[in-house]
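Hi everyone, thanks for coming. Please pull up the model on your screens, and we'll walk through it together.

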Amino acid sequence: MSALIRSLALLVFLAPMLLRAAEYLPPTEGDYVIRDFKFTSGETLPELKIHYRTFGKPVKDDKGVVRNAVLITHGTTGSGGQFIRPEFAGELFGAGQPLGAMKFFIVMPDGIGHGKSSKPSDGMHAKFPHYGYVDMVEAQYRLLSDGLGVNHARLIMGTSMGGMHTWLWGETHPDFMDALMPLASLPTQISGRNRAWRRVLIDAIRNDPDWKGGEYSSQPPSLHTAAEMLWLMSSNPVLRQKDAPTLAKTDEALDKFVNDYVKTSDANDVLYAVEASHDFDPGPNLEKIRAPLLAINSADDLINPPELGILEREIKRVPRGRAIVIPLSDKTRGHGSHTIAALWKDDLVKLLKETELSQ
């Protein structure tokens with residue numbers, strides 16, 4: 001009998017968490033095909049497939065304007081599926097949470113060249129059109145407006161590359177959204193160390209004899225180099241030292257990450273994804289952003305370090321812009337802090353409240 005009582009007590013304890021999980025899982029998945037998509041490079045793809053995941057349903061006002069859509073865009077080599085995890089969806093999408101799926105229509109696309117969207121490894125390899133961030137944002141816009149019938153967004157937010165997309169969204173479609181929240185990004189052209197680590201990765205693949213111009217039959221060794229560089233840049237030194245305090249432990253941690261990464265990755269896909277940042281340069285048009293914008297970075301981000309002063313300087317040019325830099329703590333994860341929603345969800349709640357009247 002006591003075992004039964006303990007089981008019932010455990011069920012009562014877990015019920016709220018299970019209920020919240022059930023409200024946002026699983027997502028609805030689909031594909032939207034854009035016909036004859038023309039890239040800024042001048043290349044054209046007869047059919048560009050954009051895969052997406054959604055939670056909730058769109059709600060329109062009496063004028064036919066969608067009022068509850070939230071677009072969330074992912075980082076380099078990621079996918080919309082990366083957000084369906086306890087530290088993100090578990091903090092945001094449940095009942096009573098900031099982006100509860102019962103209230104909001106959440107759209108998480110796989111960017112061009114990523115996830116289940118059209119990408120080089122589908123068969124075109126290095127003949128796949130060379131895309132940039134401008135193309136990726138345009139495809140997202142087409143997905144929302146033409147594919148899902150979303151003519152307005154309550155919020156557009158993104159992490160890392162998705163954060164950079166968020167800046168571009170504010171400039172290219174300034175009246176489309178009520179609010180913007182870029183995470184782990186800077187509103188400036190890729191340069192300095194941020195450009196350097198990308199060049200190392202790009203050069204490693206392109207100069208690898210086994211890459212064979214993109215027509216390899218097995219993954220070239222340079223994919224391992226790419227994975228190592230991603231491991232190096234994605235966390236902070238304190239956490240890395242804690243998790244890998246000796247030479248042997250460091251090699252063990254790095255080898256595990258690399259081995260897991262190469263099992264599901266492709267060198268051409270990674271190469272294209274990293275090269276896509278070549279056209280990111282929101283600097284000249286920051287004054288065109290009309291929607292309230294809250295930029296959130298972390299102090300231990302090796303890719304966007306606060307000591308550069310770029311975010312603090314450039315945010316002043318955004319008419320309704322604010323910036324927050326989360327201090328280093330035992331809860332931050334360097335560049336990866338963008339997916340730890342507990343670090344910044346209170347600021348998201350404030351942003352949503354501040355922009356309610358603009359709906």
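I'll talk about the sheet, then a pair of helices, then some salt bridges and one threonine.

Quick housekeeping: this is a predicted model, so local features need pLDDT of at least 70 and side-chain atom pairs count only at pLDDT 80 or more, while totals for chains, interfaces and linings use all residues. Residues are numbered from 1 along each chain as its sequence is written, and side-chain values use heavy atoms, with hydrogens and water left out.

Okay, the sheet. When I say helix or strand, I mean a DSSP run, numbered from the N terminus: H or I with at least four residues for a helix, E with at least two for a strand. Here we've got an open sheet of eight strands with mixed pairing, in the order E1-E2-E4-E3-E5-E6-E7-E8. E1 (28–38) and E8 sit at the edges with a single partner strand each, so each has one side without a neighbour in the sheet. From one strand to the next, the twist averages 20°. That angle, like the others today, is taken between N-to-C directions and runs from 0 to 180 degrees, with axes fitted as lines to C-alpha atoms, for helices over the stretch in contact.

In general, strands of a sheet pair through backbone hydrogen bonds, either parallel or antiparallel. Which way do E1 and E2 run? They're antiparallel, with 10 bridges joining E1 to E2, residues 44–55. To count as a pair, two strands need at least two bridges found by DSSP. Take Ile34: its bridge partner in E2 is Leu48.

Now the helices. H4 lies across E3, E5, E6 and E7, and runs at about 145° to E5. H4 also meets H3: the axes of H3 (residues 133–147) and H4 (residues 161–172) come within 10 Å and cross at roughly 70°. So these two are roughly perpendicular, a label for 65 to 115 degrees, where under 35 would be roughly parallel, over 145 roughly antiparallel and the rest oblique. Who touches whom? Tyr133 and Leu144 are among the H3 residues in the contact, and on the H4 side you'll find Met161 and Trp169, among others. Contact means heavy atoms within 4.5 Å.

On to salt bridges: a side-chain nitrogen of Lys or Arg within 4 Å of a carboxyl oxygen of Asp or Glu. How many does the structure hold? There are 21. In one of them, Arg53 and Asp110 have their closest N and O atoms 2.9 Å apart. Arg53 is in E2 and Asp110 is in the loop between E4 and H3, 57 residues apart. Arg53 counts as buried because its relative accessibility is 8%, and Asp110 is buried too, at 0%. Buried is under 20% relative accessible area, exposed is over 50%, and partly exposed is in between, using a 1.4 Å probe and protein chains only. Arg53 and Asp110 also belong to a salt-bridge network with Glu29 and Lys116.

Compare Asp175 and Arg290, with closest N and O atoms 2.8 Å apart. Asp175 counts as exposed at 56%, while Arg290 is partly exposed at 46%.

Last stop: Thr339, in the loop between E8 and H11. Is this residue buried or exposed? Buried, because its relative accessibility is 5%. Beyond its neighbours within four places in sequence, Thr339 contacts Arg85, Glu87 and Phe88. Glu87 and Arg85 form a salt bridge themselves, at 2.9 Å from N to O.

That's my tour, thanks!
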